[in-house]
Amino acid sequence: MNLSIQQKEFIDSHFHENLSDDELDISFFKQLKTSEELHYLSEQHNWDNGLKVLQWIVESRHCSEATALEIFWLAQPQDFQKYTFDKILKNDTQNEVFQLIKTILEHYPHQ
């Protein structure tokens, strides 16, 4: 990955693991302009802190297919095979993961 120290420091300072979804600032996310930055962010992100930033990543026009697929498989889609896409899951966390999987499949339908 060809990220500068400054790019990594920017991502690390604005998307660190102590931030909850509610504390994320989309204006900082919009400053990320390369697929490498989004990939780095996806690898640094702690899923236990929420999935908003991952949703932003897969919806971004800068997101590479490789990054989207990595997020897809980390979401463990096999656990959701029994659900249809119109389903809303009762468990908020599971529903958030399910929505992320659906978004990836909508943006990358040939997978």
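Begin by selecting Gln76, which sits in the loop between helix 5 and helix 6 of this predicted model. Just after helix 5, Gln76 takes a positive phi of about 55 degrees, and Gln76 is a residue other than glycine. Is the side of the chain here buried or exposed at Gln76? Gln76 is partly exposed, because its relative accessible area is 43%, a value that falls between the limits of 20% and 50%.

Now step back along the chain and select helix 5, residues 65-74. Colour Thr67, Ala68, Ile71 and Phe72, which are buried. They span an arc of only 140 degrees around the axis, which means that they lie on the same side of helix 5. The general reason for such a pattern is that an α-helix has 3.6 residues a turn, so residues three or four places apart point the same way. If you then turn to the face of helix 5 that looks away from its buried side, you will find the exposed residues Ala66, Trp73 and Leu74. To see what the buried residues of helix 5 pack against, show helix 3 (35-44), helix 4 and helix 6 (92-107).

From there, go to helix 4, residues 52-59, and select Gln55. Gln55 is buried, because its relative accessible area of 17% is under the 20% limit. Which residues are in contact with Gln55, once its neighbours within four places in sequence are left aside? They are Gln99, Leu100 and Thr103.

Next, select Gly50, whose place is in the loop between helix 3 and helix 4. Gly50 is buried as well, with a relative accessible area of 12%, and, not counting residues up to four places away in sequence, Gly50 touches Asp21, His45 and Glu96. If you draw a line from the C-alpha of Gly50 to the C-alpha of Ser64, the two are 21 Å apart in space, and they are 14 residues apart in sequence.

The next stop is the largest nonpolar core, which has 29 residues, and of these Phe15, Phe29, Leu41, Val53, Ile57 and Ile104 touch the most other members. Helix 3, helix 4, helix 5 and helix 6 are the elements that give two or more residues to this core. Centre the view on Phe15, which, when residues up to four places away in sequence are not counted, touches Leu24, Phe28, Phe29, Leu32, Leu41, Val53 and Trp56.

Keep Phe15 selected, for Phe15 is also one of the residues that line the largest cavity, together with His16, Glu17, Leu19, Leu24, Leu41, Gln44, His45, Asn46, Asn49 and Val53. About 70 Å³ of space lies in this cavity, and the count of cavities of 30 Å³ or more comes to one. By class, the lining of the largest cavity has five nonpolar, five polar and one charged residues.

Finally, look for the largest pocket, which has a volume of about 160 Å³. Select the residues that line this pocket, namely Ile26, Phe29, Lys30, Leu32, Lys33, Leu38, Trp56, Glu59, Ser60, Arg61 and His62. Which helices each supply at least two residues of this lining? Helix 2 (26-29) and helix 4 each do so. If you colour the lining of the largest pocket by class, you will see five nonpolar, two polar and four charged residues.

Conventions
Residues are numbered from 1 along each chain as its sequence is written. This is a predicted model: local features need pLDDT of at least 70, side-chain atom pairs count only at pLDDT 80 or more; totals for chains, interfaces and linings use all residues. Side-chain values use heavy atoms; hydrogens and water are left out. Helices (H or I, at least four residues) and strands (E, at least two) are DSSP runs, numbered from the N terminus. Buried means under 20% relative accessible area, exposed over 50%, partly exposed in between (1.4 Å probe, protein chains only). Contact means heavy atoms within 4.5 Å. The arc is that of the directions from the helix axis to the C-beta atoms. On a 1 Å grid over the protein atoms alone, a cavity is a set of points where a 1.4 Å probe fits but cannot get out, and a pocket is an open set with protein on both sides within 12 Å along at least five of seven lines; lining residues have an atom within 4 Å of a point. Grid points are joined across faces, edges and corners, and a volume is the space filled by probe spheres set on the points. Ala, Val, Leu, Ile, Met, Phe, Trp, Tyr, Cys and Pro count as nonpolar, Asp, Glu, Lys and Arg as charged, and the others, Gly among them, as polar. A nonpolar core is a set of buried Ala, Val, Leu, Ile, Met, Phe, Trp, Tyr and Cys residues joined through side-chain atoms within 4.5 Å.
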